[in-house]
Amino acid sequence: MAASVTVVPKTVQEVAAAVEEPPSRYLQPELDRHAGEMPEPIPLVDLSRLTDADEADKLHTALNTWGFFLATNHGIEDSLMDAMMSASREFFRQPVEEKQKCINMVEGRPFDVEGYVHDQLGTQDQILDWNQQLRLRVEPQEESNFAIWPSCPESFRDLVLRSIANLLELDDDYFVDQISENASGIARFNYYHPCSRPDLVLGFKSHSDGGLLTILFVDQDVGGLQVQKDGKWYNVPAKPYTLVINLADCLEIMNNGIFRSPIHRVVTNAEKERFSLAIFYVVDGETTLEPAPGLVWMRSDHQDIGKLRPRILLMGSLNISVKGRDSLRH
Ligand SMILES: O=C(O)CCC(=O)C(=O)O
Ligand SMILES: [Fe+2]
């Protein structure tokens, strides 16, 4: 009788090295990777001037139209951004055995949000994404494993949240006050290996992010991030040393859907590898999420989501690779 064998799932790196064509579990049915020309570009917002009316207007337009904005003058040194991306390159270019030392699984099950992540954890019919990830906790700082993480993003998290509150005519500190000291910041380094079938395989399937805000450092040379608007896909532009910031599900709930958490995805590239770093600012899992009282009547087409525990959203958010999701609408 044949002994039962535990099949250890392979990483994209191993799969790509072993076969020319991606296996069927990576193939998206009816994938249309085409992205149209943006009817209006995503505004570039100067974070050092967010209190000025013209910059606040740009932020308003960006959030209304795309749920994304590009941020300049964010206070993160170019050299630090370069260093983060090269640390990421160094990590992902290591042999699989080295990366497996940081794996977030024990006996085939994930045991922590942190670590080197295998995508192959979900249901049998899960379509896999062509990426590898490394997740690290950055906030609260005392729970972070790395003392050298930059503190700048925390301060502009609050700056951006205050400006959004202001646009919504809420008390400036409304959103900031909802965030307890236990709120997390999770960094996710994404690595997209070149893929021989970009027409059939996605780097990151269509999803919305689960937290409050996501700050993205996208690859400056290789595009791939796309945002959906009115059912169509558009390429999100990358500008050197510019951050891409998007609103996420918890903030959509708190602002009662006036500004939406955008659906986005990443397409693959046949020749080039791509790197990105996403920092998710999330609320404490025990906070009660509900629309700001002043905004409850402002929108009639947003479904009544009532009160929610962000923990439910966030658990889904870290496992979006299983199904892809738009948690507020499905
Ligand atoms: O790689 C990218 O540009 C986006 C990644 C992303 O959407 C995510 O990590 O949630
Ligand atoms: Fe995302």
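**Close-up views of a predicted model**

**View 1. A charge over a ring: Arg265 and Trp233.** Arg265 lies over the face of Trp233, with 4.1 Å to the ring centre. As with every view here, what you are looking at comes from a predicted model. A second contact of this kind involves Arg89, whose charged end sits over the ring of Phe275 at 5.0 Å from its centre.

**View 2. The aromatic cluster that includes Phe275.** Phe275, the ring under Arg89, belongs to one aromatic cluster together with Phe91, Phe92, Tyr116 and Tyr191.

**View 3. The iron site.** Which residues hold the iron ion (ligand 2)? Its donors are NE2 of His207, OD of Asp209 and NE2 of His264, at 2.1 to 2.3 Å. Along the sequence these donor residues follow the spacing H-x1-D-x54-H. Asp209 comes from the loop between β8 (202-207) and β9 (213-218), while His264 is in strand β13 (residues 264-267), so this pair ties together parts that are 55 residues apart in sequence. Are Asp209 and His264 buried or exposed? Both Asp209 and His264 are buried. If you plan to set up this site for a calculation, keep in mind that water is not among the atoms, so the site may look incomplete.

**View 4. Strand β9 and its two partners.** Take a look at how β9 is covered: 6 of its 6 residues are buried. One side carries Leu213, Ile215 and Phe217, the other Thr214, Leu216 and Val218, and both faces are covered. This split fits a general pattern, in which side chains of a regular strand alternate between the two faces of the sheet. β9 pairs with strand β12 (residues 243-247) in the antiparallel sense over 4 bridges, and Leu213 has Leu247 as its bridge partner in β12. β9 also runs antiparallel to strand β14 (residues 274-281), joined to it by 6 bridges; here Thr214 is matched with Phe280 of β14.

**View 5. Two edge-to-face aromatic pairs.** How many aromatic pairs are there? With ring centres required to lie within 6.5 Å, the count comes to 7. One of them joins Trp66 and Tyr234 edge-to-face, at 5.3 Å centre to centre and 75° between the planes. This pair links distant parts of the chain, 168 residues apart: Trp66 is in the loop between α2 (53-65) and β2 (68-72), and Tyr234 in strand β11 (residues 232-235). Trp66 counts as buried at 4% relative accessibility, and Tyr234 is buried too, at 9%. Tyr174 and Phe175 also make an edge-to-face pair, because their ring planes stand at 80° with the centres 5.4 Å apart. Tyr174 is buried with a relative accessible area of 17%, and Phe175 is buried with 1%.

How values were computed
Residues numbered from 1 in each chain as written. Chains lettered and ligands numbered in written order. Predicted model: local features only at pLDDT ≥ 70, side-chain atom pairs only at ≥ 80, totals over all residues. Heavy atoms only, no water. Donors = N, O, S within 2.8 Å, 3.2 Å for Na, K, Ca; no water. Helix = DSSP H or I, 4+ residues; strand = E, 2+ residues; numbered from the N terminus. Buried < 20%, exposed > 50% of the residue type's maximum accessible area, 1.4 Å probe, protein only. Pairing = 2+ DSSP bridges. Phe/Tyr/Trp six-rings, centres within 6.5 Å; stacked < 30°, edge-to-face > 60°. Lys NZ or Arg CZ within 6 Å of the ring centre and 35° of its normal.
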